[in-house]
Amino acid sequence: MAGYDVIVVGLGGMGSAAIRHLAGRGQRVLGIEQFSPGHDRGSSHGLTRIIRLAYFEDPSYVPLLRRAYELWRQLERGLDEPLLHVTGGLDVGPADGVVFAGSLRSCREHGLPHEVLEAQDLTRRFPGWRPSPELTAVWQPDAGFLTPERCIARHLAEAQAAGASVMTDTRVLAVEPRAGGVRVRTDRGSFEAGQAILTAGPWMSDLAPALAPLLSPERQVLGWFGIADAAQFAPTAFPVFVLEAAEGTYYGFPEYGVPGFKIGKYHHRFERVHPDSMDRQVHAEDEAALRVATTRYFPNANGPMLSQATCLFTNTPDEHFIVDRSPEAPEILLVSPCSGHGFKFSSVIGEICADLVTRGRTAHDIGLFSLARFAGG
């Protein structure tokens, strides 16, 4: 019955990688995106996204990250500018905190090169920092950032070169199992395939209602602040970071692409939203939530807010991913409610999607991402 082997719904970070890997394996694949690729309505934009090996969230992510690095390097071959920029990375917090202790654990379990820096050592090596005395850092030299809009464009270009079809500005209304496959209904007609992959980010609950009790789309704000000493915040001098502090947990980047020091706060103002009705304006309260950190920890990057952007986290209860078959329809693979830390994995998740669709299994360990962990809860 199928017009395609696979239909991928949502062509952000995960979906663009999935369609590229599927097309590369000779699958007849259609990708459908409701906006233009690289749009700013979801979770895969903002000029820079952190990639790091020292993964405080769980050491089991590290092997996936190693493969992700390999695949990003393969993807950028032939480009004039890399997709992955290495700056090194800092995971900063109290010695017994989630970020520092988890990062150190991942480094030790997986033999990652790293150093532990006390507060005064951190300031000496990276003068843009002014950490409080109780903070300690894990320095890991392989971390850096990806350029998400360019990553998506490259994945889609390679997918189309391998024969994939891409429909943009097309809204998916429903994904319905049928005998022998699935039907995807859109505002531009219906399409059939043997399988479907949903990588719709904050719209996942609309297309897979069974996930709604598990998913919490959350409004996030990013700010770019004026810098007093540009040399201190250049990519060669200022690593990407995650900072767990009394004021909250923050993440940030060196100056790149546009003027300013970029910073965000995890669970910015704890606003649960729907992506179609989310407030996309940035308000004084949003700036204040970020300026608390620039004032205290980065005083030489505490100038005017030069740019701002909103995006979305789609959080699961434990903030780990979901990559699993739909319990109601095994022809549908559910992927990518990534709780704000997923983009770096896009390259390898795309490979995993292709494995699961073409072989029914993957050699990658994705046990942490099973829906079964929520059974009974």
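**A tour of the empty spaces**

The second largest cavity has a volume of about 60 Å³, and the tour of this predicted model starts there. To find this cavity, select Ile50, Arg52, Ala54, Gly89, Leu90, Asp91, Val138, Gln140, Ala143, Val240, Phe241 and Val242, which together line the second largest cavity. If you then colour the strands, you will see that β5 (89-94), β7 (135-140) and β14 (240-245) each supply at least two residues of this lining. Sorted by kind, the residues around the second largest cavity are eight nonpolar, two polar and two charged.

How many cavities of 30 Å³ or more does a search of the whole structure find? The search finds two, and the next stop is the largest cavity, whose volume is about 210 Å³. Select Arg49, Ile50, Tyr251, Gly340 and His341, which are the closest to the centre of this cavity among the 16 residues that line it. Now show β3 (49-51), β15 (248-253) and β17, since these are the elements that give two or more residues to the lining of the largest cavity. The lining of the largest cavity divides into eight nonpolar, four polar and four charged residues. Keep Ile50 selected for a moment, for this residue is named in the lining of the second largest cavity and also among the residues closest to the centre of the largest cavity.

From the cavities, move on to the pockets. The second largest pocket holds about 220 Å³ of space, and to centre your view on this pocket you can select Phe56, Glu57, Val98, Tyr266 and Glu319, the closest to its centre of the 13 residues that line it. Those lining residues comprise four nonpolar, five polar and four charged ones.

The last stop is the largest pocket, in which about 550 Å³ of space lies. Select the run Thr199, Ala200, Gly201, Pro202 and Trp203, which, of the 40 residues lining the largest pocket, are the closest to its centre. Then add α1 (13-24), β10 (172-178), α6 (204-207) and β17 (305-315), the elements that give two or more residues to the lining of the largest pocket. Which element gives the most to this lining? The answer is β17, with four residues, and β17 is also one of the elements that give two or more residues to the lining of the largest cavity. When you colour the lining of the largest pocket by kind of residue, you should find 16 nonpolar, 20 polar and four charged residues.

Technical notes: Residues are numbered from 1 along each chain as its sequence is written. This is a predicted model: local features need pLDDT of at least 70, side-chain atom pairs count only at pLDDT 80 or more; totals for chains, interfaces and linings use all residues. Side-chain values use heavy atoms; hydrogens and water are left out. On a 1 Å grid over the protein atoms alone, a cavity is a set of points where a 1.4 Å probe fits but cannot get out, and a pocket is an open set with protein on both sides within 12 Å along at least five of seven lines; lining residues have an atom within 4 Å of a point. Grid points are joined across faces, edges and corners, and a volume is the space filled by probe spheres set on the points. Ala, Val, Leu, Ile, Met, Phe, Trp, Tyr, Cys and Pro count as nonpolar, Asp, Glu, Lys and Arg as charged, and the others, Gly among them, as polar.
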